[in-house]
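Q: I have a structure open and would like to learn how to read its features one by one. Could you walk me through it?

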Amino acid sequence: MGPEGQWHSEGPQYYYNLKSTENNESAIALLDLLFNLTGDRKYREAADRASVWLMTMYDARTGVIARTSRLTRGVWVADTIDHLATDVTSWAPFARLKNSISTGGIARMLDATMRANGVYNGNELLGLSYSPTSAAQGVISVEWTSQFALRALRLYEETRDTKWRDLWMNLTARMEQSFKNPGYYQNLPSVYRRSSGLVAPYA
C-alpha cells in the first residue's frame, strides 16, 4: 500500500506489509482501459493477474471482498467483514466480477454491504458509511454513498431488477440534499463561502 519506511505509529513496515484492495481495483480499471485504448496485451495480462489476486480476497461465506491483506508472521491474512469498506464493493470491476460470481453474487455483495455499513432510521436506509464501526456511529459518507448508488444503478441496468433502480434513486436524492449554498457551512474558508456553486460535506 505504501513504500517501505513510510511513517506510521506502528513502524516503518506498516504500509509496506499491507495490500490495498481498493488500490488494486483502481489498477485493474486503469489497465483494462489502457488495453482498450492501445490493444497492447501486456495491460490485459496485468489486469488478469490483479483480478486473480482480487478474487482471493472474496469471501464466499460472507459474500464480500476484504478491504486489505496484511503480512502477518510471513503469511498474508485478509481482513474480516468487521473491517468491510464500502468503496471496495463499489469499485470492484463489474464485468470481471460478473464473470466470476454472476450478477446474483454482486447483488448479494451489495446486500451484505448495506447490512454491515448502512446507516438506518428504522428500516429506512439513509446512506452508507465507511465501515461497520463508523456506521454504528451514524456517519454517512456522501462520496461513498454516491459511489454505491452508481453500483446499484449498474446492477439495475444488467438485471432490470427495480430494487436496484429504486435504491439508486433513493440514495441519489438523499445525497443531493447534502449540497447547499456554501454560506450554509460556516466552517468553510470565506473564499469558498462566496462561491456561486453548491458544496457538500465529505461526510
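Q: Which residues form a nonpolar patch on the surface, and how much accessible area do they have together?

A: Happy to start there, and please keep in mind that this is a predicted model. To find such a patch, look for nonpolar side chains on the surface that sit within 5 Å of one another. Here L30, L33 and L37 make up the patch, with about 320 Å² of accessible area together. L33 belongs to helix α1, which covers residues 21-38. With a relative accessible area of 46%, L33 is partly exposed.

Q: What is the overall make-up of the protein chain in helices and strands?

A: The protein chain has eight helices and seven strands. Its C-alpha atoms fill a box of roughly 50 × 45 × 40 Å, taken along the principal axes. Of the 203 residues in the chain, 39% count as buried.

Q: How many salt bridges does a search of the whole structure find?

A: The search finds ten. The general idea is to look for a Lys or Arg side-chain nitrogen within 4 Å of a carboxyl oxygen of Asp or Glu. Let's go through a few of them.

Q: Which residue forms a salt bridge with D48, and how far apart are the closest N and O atoms?

A: The partner of D48 is R96, and their closest N and O atoms are 2.9 Å apart. Now ask where each partner sits: D48 is in helix α2 (residues 41-56) and R96 is in helix α4 (residues 94-117), so this pair ties together parts that lie 48 residues apart in sequence.

Q: And is R96 buried or exposed?

A: R96 has 19% relative accessibility, and because the cut-off for buried is under 20%, R96 counts as buried. D48, in turn, is partly exposed at a relative accessible area of 32%.

Q: What does a salt bridge within one helix look like, for instance the one between E158 and R154?

A: For that pair, the closest N and O atoms are 3.5 Å apart. E158 and R154 are four residues apart in helix α6 (residues 142-159), which means about one helical turn separates them. Both partners are partly exposed: E158 has a relative accessible area of 32%, and R154 has 33%.

Q: Which residues are joined into one network by salt bridges that share partners?

A: Follow the shared partners from one bridge to the next and you arrive at D32, R44, D48 and R96, joined into one network. You have already met D48 and R96 as a salt-bridged pair.

Q: How exposed are the partners D59 and R61 in their salt bridge?

A: D59 is partly exposed, at a relative accessible area of 29%, while R61 is exposed, at 66%. Their side chains meet with an N to O distance of 3.7 Å.

Q: How do α6 and helix α7 lie relative to each other, parallel or antiparallel?

A: To read a helix pair, compare the N-to-C directions of the two axes; an angle over 145 degrees counts as roughly antiparallel. The axes of α6 and α7 (residues 162-176) cross at roughly 155° and come within 8 Å. The two helices are therefore roughly antiparallel to each other. Their crossing is left-handed.

Q: What is there to see in the loop between α6 and α7?

A: R160 is in that loop. Check its backbone: phi is near 60°, a positive value in a residue other than glycine. R160 is exposed, with a relative accessible area of 53%.

Q: Where does R73 lie, and what is its phi?

A: R73 is in the loop between β4 (68-72) and β5 (75-78). Its phi is near 55°, again positive in a residue other than glycine. R73 is exposed, with a relative accessible area of 82%.

Q: How far apart are G104 and T159, in sequence and in space?

A: A handy habit is to set both separations side by side. G104 and T159 are 55 residues apart in sequence, with 9.1 Å from C-alpha to C-alpha. G104 is in helix α4 and counts as partly exposed at 43% relative accessibility.

Q: And what are the two separations for N24 and R67?

A: N24 and R67 are 43 residues apart in sequence and 11 Å apart in space, C-alpha to C-alpha. N24 is in helix α1 and is partly exposed, with 23% relative accessibility.

Terms used. Residues numbered from 1 in each chain as written. Predicted model: local features only at pLDDT ≥ 70, side-chain atom pairs only at ≥ 80, totals over all residues. Heavy atoms only, no water. Buried < 20%, exposed > 50% of the residue type's maximum accessible area, 1.4 Å probe, protein only. Patch = residues over 30% accessible without salt bridge, like charges linked within 9 Å, V, L, I, M, F, W, Y side chains within 5 Å. Areas by Shrake-Rupley, 256 points an atom, 1.4 Å probe, with all protein chains shown as cover. Axes fitted to C-alpha atoms, helices over the stretch in contact; angles between N-to-C directions. Parallel < 35°, antiparallel > 145°, perpendicular 65-115°, else oblique. Left-handed = near helix turned anticlockwise from the far one by under 90°.
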